[in-house]
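Reader: I am new to this structure. Please pick one part of it and take a close look. Then show me what surrounds that part.

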Amino acid sequence: MAQIDVTFAVDMSAETTSANGVHVAGDWQSEANGGEDWQTGDNEMLDGDGDGIYTLTVTIPAGPYHYKYINDNTWDGVEGVPSVSQVGFGDDNRFFVVTDSSNAIDAVPFSGSAMPGMNAVKLQVNMADVVVEETGAHVAGDLINPAWKPNRTPLYNVSNSIWAAVIQVASGDYLYKFLRGDDWGTDESAPDECGDGGNRTISVSASETLEPVCFGACG
């Protein structure tokens, strides 16, 4: 399988960092270094330019993954992930999806959901009544950079037919829509009562988790 570079980034500027270092752990570690998953001291992050942002780049295959940041090298220093950034359904880990077209993980504050001036919004869609293509479900809109790129933001299958993504976005009004694949032609058309020209609408003023909606429907 193709190996893809992925960079984790956590803002520690509001934290007193541990003498044991800042680390990241998850179910990607065996793919990245051949060790065991969820080992707290195996993957140290560094702040090379002293800006308070600690990073680590790993090379892993495409796929869905979980992770958490740790201000130490044991679970004593693990962050508390805000609910909006969690997988949910009883799983309190952060999550991301790597594809050939998407390998970006947004920087977040330690134990936080969004960088200063931004809001974290969790978008969720129920795909029970549609066939999701092998490329996976995606979301596109003008709340994502680059805007309206259909394969830029893959969704994570958080539970059965529910797919989700967490977006960092400034306050404002936006349009978006879900796709059951990664290209136009697999996109939904939102009904007029909850949409605008086939797109969904959202007004963002704070971090929030949106309830799942059925693909191509309001409820």
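Author: Strands here are runs of at least two residues that DSSP labels E, numbered from the N terminus. With that in hand, take the loop between strand 5 and strand 6, where Phe89 is found. The model is a predicted one.

Start with the backbone of Phe89. Its phi is near 55 degrees, a positive value in a residue other than glycine. Most residues other than glycine have a negative phi. Now the surroundings of Phe89. Is this residue buried or exposed? The cut-off for exposed is over 50% relative accessible area. Phe89 has 55% relative accessibility, so it counts as exposed.

Next, the strands on either side of this loop. Strand 5 covers residues 63-70, and strand 6 covers 94-98. The two run antiparallel, joined by five bridges. In one place along them, Pro64 stands opposite Val97 of strand 6.

Strand 5 has another partner. Strand 2, residues 22-26, also runs antiparallel to strand 5, and four bridges join them. Here Ala25 stands opposite Lys68 of strand 5.

Put these pairs together and a sheet appears. It is open, has four strands, and follows the order 3-2-5-6 with antiparallel pairing. Strand 3 (44-45) and strand 6 are its edges, each pairing on one side only.

How enclosed is strand 5? Buried means under 20% relative accessible area. Seven of the eight residues of strand 5 are buried, so the strand is largely enclosed by the rest of the structure. In the loop that follows strand 5, by contrast, exposed Phe89 is found.

A positive phi turns up elsewhere too. Ser111 has a phi near 65 degrees and is likewise a residue other than glycine. It lies in the loop between strand 7 (108-109) and strand 8 (119-126). With a relative accessible area of 32%, Ser111 is partly exposed.

Asn160 also takes a positive phi, near 55 degrees, in the hairpin of strand 10 and strand 11, which has two residues between its strands. Three bridges join strand 10 (156-159) to strand 11 (162-169), and these strands run antiparallel. One bridge pairs Ser159 with Ile162 in strand 11.

One more loop deserves a stop. Most peptide bonds are trans. The bond joining Asn145 and Pro146 is cis, with omega about 5 degrees. Pro146 is found in the loop between strand 9 (138-141) and strand 10.

Now step back to the whole. The protein has one helix and 16 strands. Its radius of gyration is 18 Å, close to the 17 Å that the globule rule gives for 219 residues, so it is as compact as a globular protein of that length. The C-alpha trace spans about 55 × 40 × 30 Å along its principal axes.

Of the 219 residues, 50% count as buried. Contacts reach far along the chain: among those between residues at least 6 apart in sequence, 72% join residues at least 24 apart.

Finally, the surface and the charges. The protein exposes about 9900 Å², and carbon and sulfur atoms supply 44% of that area. It has 8 positive and 33 negative charges, and their mean positions are 7 Å apart.

Conventions. Residues are numbered from 1 along each chain as its sequence is written. This is a predicted model: local features need pLDDT of at least 70, side-chain atom pairs count only at pLDDT 80 or more; totals for chains, interfaces and linings use all residues. Side-chain values use heavy atoms; hydrogens and water are left out. Two strands pair if DSSP finds at least two bridges between them. The radius of gyration is taken over C-alpha atoms; the globule rule is 2.2 Å times the number of residues to the power 0.38. Buried means under 20% relative accessible area, exposed over 50%, partly exposed in between (1.4 Å probe, protein chains only). Contact means heavy atoms within 4.5 Å. Accessible areas come from the Shrake-Rupley method with a 1.4 Å probe; for residues, only the protein chains shown count as cover. Lys and Arg count as positive and Asp and Glu as negative; His and the chain ends are not counted. The place of a charge is taken as NZ of Lys, CZ of Arg, CG of Asp or CD of Glu.
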